[in-house]
Amino acid sequence: FNEIGSEGTLALAASAFFSKLCTLNVSVNQVGCSGMQALAASTFYPNLSFLDVSVSQIECAGLQALANSPFFPKLNSLNASGSQIGSAGMRALANSPFFPNLTSLDVSRNQIECGGMHAFATSSFFPGLTFL
């Protein structure tokens, strides 16, 4: 793994050179909440279809930022396993209308409680999900 951390992720988020990027894997990189918030606010990834932020300590606020971001219209796979998102992060994702193409979601190893999973299970925003 690399150690790009939140500073490296902030640099990626600010770079206009990746507008054609389809896959971004920053797993096991201590992206952190601030790094995920910067990525979520970036308009430079309109073609991103696969995002792996597993074991990257994005926490609940990082996933909430992603869930509130309209800048990833083509995202179909999200791996946030082991990223400390918790039930609140799962509820934020469940209420997000911004990922209609999501087919694969990995949120394993996140201490998601019943309420968080119930919110996701009853959400109407993920009709194409085939992997959870």
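**Rings, strands and a helix pair**

F120 and F126 are both buried. They belong to a predicted model, and there are two aromatic pairs in it by the ring-centre rule used here. Below is a quick tour of those rings, then a four-strand parallel sheet, then the packing of helix α3 against helix α4.

**Aromatic pairs**

- Let's start with F18 and Y45, whose rings are stacked, with 6.5 Å from centre to centre and 10° between the planes.
- Why does this pair tie together parts that are 27 residues apart in sequence? Because F18 sits in the loop between α1 (5–14) and β1 (23–25), while Y45 sits in the loop between α2 (32–41) and β2 (50–52).
- The two partners aren't equally hidden: F18 is partly exposed at 30% relative accessibility, whereas Y45 is buried, its relative accessible area being 0%.
- Then there's F120 with F126: the ring centres are 4.8 Å apart and the planes make 35°, so this pair counts as tilted. The stacked label needs planes under 30 degrees apart and edge-to-face needs over 60, so 35° falls into the remaining class.
- As for burial, F120 and F126 both come out as buried.

**The sheet**

- Four strands make up an open sheet, running in the order β1-β2-β3-β4 with parallel pairing.
- At the edges you'll find β1 and β4 (104–106); each has a single partner strand, so one side of each has no neighbour in the sheet.
- On average, neighbouring strands in this sheet are turned by 5° against each other, ignoring direction.
- Zooming in on β1 and β2, they pair in the parallel sense over three bridges.
- For a handy residue-level landmark, look at N25, which stands opposite D52 in β2.
- As background, strands of a sheet pair through backbone hydrogen bonds, either parallel or antiparallel.

**Helix α3 against helix α4**

- Helix α3 (residues 59–67) packs with helix α4 (residues 86–94) at an angle of about 5°, and the axes are 8 Å apart.
- Angles under 35 degrees count as roughly parallel, and therefore α3 and α4 get that label.
- Which residues meet across this packing? On the α3 side they are C60, L63, Q64 and A67, and on the α4 side A88, G89, M90, A92 and L93.
- By residue type, the contact of α3 with α4 has seven nonpolar residues, two polar and no charged.
- The two polar ones are Q64 and G89, because Gly is counted among the polar residues here.

Key. Residues numbered from 1 in each chain as written. Predicted model: local features only at pLDDT ≥ 70, side-chain atom pairs only at ≥ 80, totals over all residues. Heavy atoms only, no water. Phe/Tyr/Trp six-rings, centres within 6.5 Å; stacked < 30°, edge-to-face > 60°. Buried < 20%, exposed > 50% of the residue type's maximum accessible area, 1.4 Å probe, protein only. Pairing = 2+ DSSP bridges. Axes fitted to C-alpha atoms, helices over the stretch in contact; angles between N-to-C directions. Parallel < 35°, antiparallel > 145°, perpendicular 65-115°, else oblique. Contact = heavy atoms within 4.5 Å.
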